Amino acid sequence: FSALSGGRGVIDWAANHWRSIRTGLNSDRPMDVGKAITKAFLAIVIALALLPQHTSDGGWQLRGWALITSPPNEIGDTFAGVAGVLAFLWIIVTVWLQSQELAAQREELKLTRGEIKDQRQATQDMAFAVAEQNFDNFVFELIATHNSILNSMDIKSNSKSQSLYEGRDCFRYFYREFSKPTTGEAMYPTMAQDKTLERYEQMYDKHHSDLGHYFRFVYNMLRAVSESDAAQDKHKKLIRALFSDDELLVIFYNSLTEKGENFIKYAEDFQLFDNLPQERLARSEHKELLPDRCFGERQ
């Protein structure tokens with residue numbers, strides 16, 4: 001009876017520890033779960049060791065005492081079984097713990113990749129902003145150079161002692177010099193008989209020192225902006241806004257000549273003659289000599 005009472009006391013002792021074990025089992029931390037299972041398993045082993053068992057001579061003895069008095073190989077097998085169970089348990093806990101660590105490392109790596117991607121994007125945005133700013137500065141330098149070339153132009157009287165035209169006003173003189181028939185020259189009724197381009201070539205030869213420099217710069221300015229990857233519509237609009245009406249008229253007729261035919265592709269790209277005063281053309285039919293895109297998108 002006392003043996004039975006002792007066994008029941010062991011069971012009660014194990015029950016008192018169930019709450020802490022249950023808390024560990026409900027945890028999401030592998031170490032806590034492993035400790036809880038280990039406690040539960042050892043509690044069961046201890047409880048079994050303290051439970052009484054019937055002997056062959058009709059008496060009772062504790063299972064633990066029966067184990068201690070058993071042959072060494074039986075004791076070794078028993079402890080090996082207990083150790084094997086615990087080892088298997090902690091292998092599972094170790095794998096679980098490593099899987100959590102790997103998951104945490106993957107999450108950290110994912111966050112790191114996100115940060116690197118954001119940093120790369122920020123670097124690209126910064127580089128793009130710097131490149132855009134540099135190109136803006138380049139365009140403004142082109143505009144300043146264009147204005148400087150214009151301001152250096154002047155047309156003097158025959159005595160070369162007085163300037164008759166300066167800066168942009170020179171283009172008004174250039175255009176007037178070739179756009180209308182000279183005194184005594186009849187207005188040609190057909191395009192085939194028109195000699196506007198002949199008069200332009202004569203005017204160009206007369207003022208080639210100014211116009212040659214001007215057109216070389218304008219051509220290279222348009223080419224540099226057109227071929228740049230950083231060029232945007234705003235840059236092309238700025239360039240297009242540079243030219244006065246008389247400049248556009250002179251550039252238009254220069255594009256119709258052999259020396260100016262390379263201007264045409266850039267005139268299309270910039271829609272250079274969008275603001276051309278077409279009513280001032282020497283002949284309205286001249287507009288048909290260039291592609292429509294040179295004059296802006298058609299509605």
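Are Phe 171 and Phe 174 buried or exposed? In this predicted model, both Phe 171 and Phe 174 come out as buried. The two rings also form an aromatic pair, with 5.5 Å from centre to centre and 80 degrees between the planes, which makes the arrangement edge-to-face. Phe 171 and Phe 174 are separated by about one helical turn, because they sit 3 residues apart in helix 6 (residues 169–179).

Further along the chain comes another pair, Phe 178 with Tyr 253. Their ring centres lie 5.4 Å apart and their planes meet at 75 degrees, so this pair is edge-to-face. Here the contact links distant parts of the chain, since Phe 178 belongs to helix 6 and Tyr 253 to helix 10, 75 residues away. Phe 178 and Tyr 253 are both buried. These two pairs are among the 19 aromatic pairs that the structure holds.

How much trust does the model deserve? Across the protein chain the mean pLDDT is 82, and 83% of the residues reach 70 or more. Helix 10 (residues 245–255), home of Tyr 253, has the highest confidence in the chain, at 95. At the other end of the scale is helix 1 (residues 2–16), where confidence is lowest, at a mean of 54. Where pLDDT is low, it's best not to read the predicted coordinates in detail.

Aromatic rings turn up with charged partners as well. The charged end of Lys 236 sits over the ring of Phe 270, at 5.9 Å from the ring centre. Lys 287, in turn, lies over the face of Phe 295, and there the distance to the ring centre is 4.5 Å.

As for the cysteines, Cys 170 has a relative accessibility of 0% and therefore counts as buried. Cys 294 also has 0% relative accessibility, so Cys 294 is buried too. With a cut-off of 2.5 Å between cysteine sulfur atoms, the disulfide count for the structure is 0.

Then there is the open space. The largest pocket has a volume of about 260 Å³, and 12 residues line it. Which residues lie nearest the centre of the largest pocket? They are Ile 155, Lys 156, Ser 157, Lys 206 and His 207. Strand 3 (154–156) and helix 8 (208–226) each supply at least two residues of the lining. Of the contributors, strand 3 gives the most to the lining of the largest pocket, with 3 residues.

Key
Residues are numbered from 1 along each chain as its sequence is written. This is a predicted model: local features need pLDDT of at least 70, side-chain atom pairs count only at pLDDT 80 or more; totals for chains, interfaces and linings use all residues. Side-chain values use heavy atoms; hydrogens and water are left out. Buried means under 20% relative accessible area, exposed over 50%, partly exposed in between (1.4 Å probe, protein chains only). pLDDT is the predictor's confidence in each residue, from 0 to 100. Helices (H or I, at least four residues) and strands (E, at least two) are DSSP runs, numbered from the N terminus. Rings of Phe, Tyr and Trp (its six-membered ring) pair if their centres lie within 6.5 Å; planes under 30 degrees apart count as stacked, over 60 as edge-to-face and the rest as tilted. A charge sits over a ring if NZ of Lys or CZ of Arg is within 6 Å of the ring centre and within 35 degrees of the ring normal. On a 1 Å grid over the protein atoms alone, a cavity is a set of points where a 1.4 Å probe fits but cannot get out, and a pocket is an open set with protein on both sides within 12 Å along at least five of seven lines; lining residues have an atom within 4 Å of a point. Grid points are joined across faces, edges and corners, and a volume is the space filled by probe spheres set on the points.
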